[in-house]
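Biologist: I am new to this structure and would like a close look at a single part. Please walk me through the contact between chain C and chain A.

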Amino acid sequence: MSEKVLMKGNEAIAEAAIRCGCRHYFGYPITPQTEIAAYMSKRMPKIGGTFLQAESEIAAINMVYGCASTGKRAMTSSSSPGVSLKAEGMSYLAGADLPALIVNVQRGGPGLGGIQPSQSDYFFMTRGPGHGDFRIIVLAPATVQEMADMTRLAFELGEKYRMPAMLLADGTMGQMMEPVSLPDDRGTEYLESGASGDWATTGTQCKRAHHIVNSLYLKPEELEKSNRERFERYAKLEKEECRWEEHLMDDAEICVVSVGITARVAKNAIAAARREGIKVGMIRPITLYPFPKEALAKAAAKVKGFLTVELNMGQMNEDVKLATGCAKPVAMCNRVGGMIPSTDEVLEAIRKEAK
Amino acid sequence: MTYECIMAGFGGQGLLFSGKVLAHAALIEGKELSWLPSYGPEMRGGTCNCSVIVSDEPVGSPIIAHPNILMAMNEPSLDKFEAAAAAGAEVFVDSSLIARKVRRDDVCATYVPATEMAKEMEATSLANMILLGAIVKKTGCVKCETVAEALKQTISARKAGLLELNLKAVGRGFDFMNQDK
Amino acid sequence: MAVVFSKPKALTDAVLHYCPGCTHGIVHRLVAEAIDELGIEGRTIGIAPVGCSVMAYDYFACDMIEASHGRAPAVATGVKRSLPESVVFTYQGDGDLASIGLCETVSTACRGENITIIFINNAIYGMTGGQMAPTSLVGQVTQTSPYGRDPKTQGMPIRICELLATLDAPAYLERVAVNSVAHVRQAKKAILKAFRNQVEGRGFSLVEVVSTCPTNWGLTPEKACAFVEEKMIPFYPLGCYKDKEQGK
């Protein structure tokens with residue numbers, strides 16, 4: 001870990017990706033994530049990498065698909081409306097079992113929506129963003145430090161499980177600056193290791209049978225088999241890779257569940273509520289897929305109720321209900337359209353649940 | 001101590017930059033901090049603000065509901081954030097641009113004719129740095145000497161020639177607060 | 001005994017699924033011959049499209065990637081940027097290249113991406129059973145233009161070589177046909193050149209091959225070849241539309 005520097009979340013992702021050996025970025029400008037593209041356009045040419053401003057989000061994700069087919073660490077980034085356009089590509093990446101990093105710095109929707117922070121792509125990302133039966137790894141950073149750290153994690157998990165991985169942030173995370181210890185630069189080391197899967201299409205050199213990167217199975221029994229195999233991998237992922245943070249949960253009677261910017265607002269509200277003697281804590285999911293179901297189920301045995309704080313109409317709220325089997329009430333404090341609940345609003349919601 | 005500072009005004013007044021300098025100064029001092037801009041299409045002329053938190057504790061929410069430091073560079077911003085300010089807040093008003101006085105009596109107002117002062121320096125665009133100097137001097141949210149170092153680190157290569165002028169502007173802010181006593 | 005004719009090495013032993021009389025087989029062979037002649041199979045990566053040639057990945061012996069509909073040029077760009085020493089080609093039909101993927105086609109050409117595109121224009125959607133293509137001729141009856149293509153409501157056919165020739169970046173654009181021996185010979189030359197251009201770093205090369213679809217045209221293979229000569233070629237004139245090497 002290096003000395004702390006001050007960076008925007010978007011920039012931290014870009015620099016961290018480079019330090020992980022990502023040398024190929026394909027993207028298209030859209031607020032509030034454009035700093036990633038701008039940063040890459042500055043850095044990539046100086047380190048022999050590729051920055052390509054694609055003609056569309058669709059082209060960008062397909063360039064990532066092509067690059068990932070060759071076994072390289074490739075990435076793209078966008079914000080909600082642009083990520084809709086990437087859905088097709090994400091489905092193909094998943095269908096061809098290709099790892100790749102997709103960053104979604106969310107803004108309000110649906111449609112053109114707004115440009116202010118949102119978490120309203122939660123369902124879209126966690127349920128398999130595109131046609132067909134698939135999932136992608138979804139990580140939810142809540143600090144600029146996590147934006148950097150989770151970039152590496154996303155690459156590594158994606159490669160380990162051979163599936164696309166996403167950093168799902170809200171606009172605030174992308175735009176804010178905080179001190180960050182960037183990961184050590186192991187880019188060159190990674191590249192020199194020649195790491196690329198034994199499945200990659202790098203040219204046969206006339207020494208092996210041809211590799212095919214493909215998601216087409218015209219025989220239904222084969223497609224079924226491929227789907228089932230993929231879901232066995234997902235099961236392993238769900239078992240081994242759930243990540244979450246517990247905050248003041250030891251004696252908590254109310255469990256706040258929140259991610260990203262709202263988890264930070266909630267932290268302030270929890271501190272205020274504790275000063276009033278309310279026993280409240282928080283479980284902050286770090287992986288949204290796989291969702292930390294067990295941690296929540298365990299908490300359900302102890303607490304009186306849950307309170308989700310989110311920037312959507314209650315998408316994660318449903319996951320908490322599913323994870324806990326509705327064993328305890330799951331209330332919600334939410335704002336949408338780019339609005340963010342204030343500490344006072346969250347505190348009021350906590351007080352209400354404490355009654 | 002936690003300083004929750006909102007700098008607000010028109011786009012183009014350098015509000016994000018003065019916030020950045022303050023954030024950098026906090027970084028140099030090893031403090032916890034966050035810097036959050038209002039973002040959007042209002043690059044020039046629209047309303048614009050940034051929130052900087054400087055603290056000895058890890059920063060929770062980077063969103064400031066009740067600033068204890070407010071820097072206002074136009075009247076709409078003063079209208080908006082004066083009401084939200086915490087009791088006892090330090091409110092810095094660019095009195096060259098805002099005619100009215102601060103209405104609340106539970107906050108501490110400082111009137112700095114920053115834009116006039118900047119004009120005298122033939123650097124109208126540095127009113128933000130004069131105000132930053134005043135804020136740092138009066139509140140002690142970071143040390144005065146750290147601001148100079150932060151400026152050196154923050155100023156872009158393209159504008160490196162303006163470093164001296166920026167430092168001078170911050171110095172005017174310090175001096176103004178000395179006279180004010 | 002001397003071997004005078006054999007399957008190119010760059011084709012696998014897989015049996016082609018194409019309909020009788022379809023010219024995909026000829027074009028596959030021409031592509032494979034070019035790869036063989038240039039000795040580039042080991043570093044060639046092909047991109048298959050969505051359309052009749054979707055399963056081209058089984059037929060070419062080099063590494064292959066299956067792209068989503070229309071996106072082959074973007075996928076090819078990703079591969080080429082990752083492996084600049086590789087030889088990357090896409091093999092696309094008219095729906096893939098000239099309709100759903102038109103944006104990728106034009107943008108990739110505009111960037112002068114150093115890749116080779118083989119564009120099969122048979123004026124119909126074959127894979128889905130004979131619907132109107134962006135290149136279907138005026139008056140052509142298809143499943144989705146049952147009264148014949150009407151320019152008033154369905155627009156005019158698109159001429160890709162002419163369109164791309166307006167751009168500065170492409171190195172080579174040529175339209176050929178495979179409905180006669182003479183035309184096949186010309187097509188062979190053009191495809192070879194389009195690959196050689198890439199090997200020599202000249203940039204974006206596209207060969208449009210006016211092809212047949214006897215099944216969906218409802219014609220015998222022989223009559224389909226005549227249709228190419230009498231109807232297709234007059235609207236889609238053969239020839240070289242751009243060749244930077246020749247200063248054209």
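Modeller: Two strands are said to pair if DSSP finds at least two bridges between them. Strands themselves are DSSP runs of E with at least two residues, helices are runs of H or I with at least four, and both are numbered from the N terminus. This is a predicted model, in which local features need pLDDT of at least 70 and side-chain atom pairs count only at pLDDT 80 or more, while totals for chains, interfaces and linings use all residues. Residues are numbered from 1 along each chain as its sequence is written, chains are lettered from A and ligands numbered from 1 in the order in which they are written, and side-chain values use heavy atoms, with hydrogens and water left out.

Let us begin with the strands that meet across the two chains. Strand β9 (residues 212–213) of chain A pairs with β2 of chain C in the parallel sense, over two bridges. In this pairing, A:Ile212 has C:Met64 as its bridge partner.

Now for the wider interface. Counting contact as heavy atoms within 4.5 Å, 35 residues of chain C touch 34 residues of chain A. The area buried between the two chains is about 2500 Å², with 59% of it given by carbon and sulfur atoms. Buried area here is the accessible area (1.4 Å probe) that two parts lose on being put together, summed over both. In chain C, the residues losing the most area to chain A are C:Gly42, C:Asp63 and C:Arg81, which together make up 21% of what that side buries.

C:Asp63 appears again among the charged pairs: its side chain meets that of A:Arg208 in a salt bridge (2.7 Å, N to O). The term stands for a side-chain nitrogen of Lys or Arg within 4 Å of a carboxyl oxygen of Asp or Glu. Between chain C and chain A the count is three salt bridges.

Which parts of chain C do the touching? Two or more residues each come from β1 (44–48), α2 (56–59), β2 (63–66), α3 (72–82) and α5 (102–111) of chain C. The largest share, seven residues, belongs to α3 of chain C. By type, the residues on this side of chain C divide into 15 nonpolar, 10 polar and 10 charged. In that scheme Ala, Val, Leu, Ile, Met, Phe, Trp, Tyr, Cys and Pro are nonpolar, Asp, Glu, Lys and Arg are charged, and the others, Gly among them, are polar.
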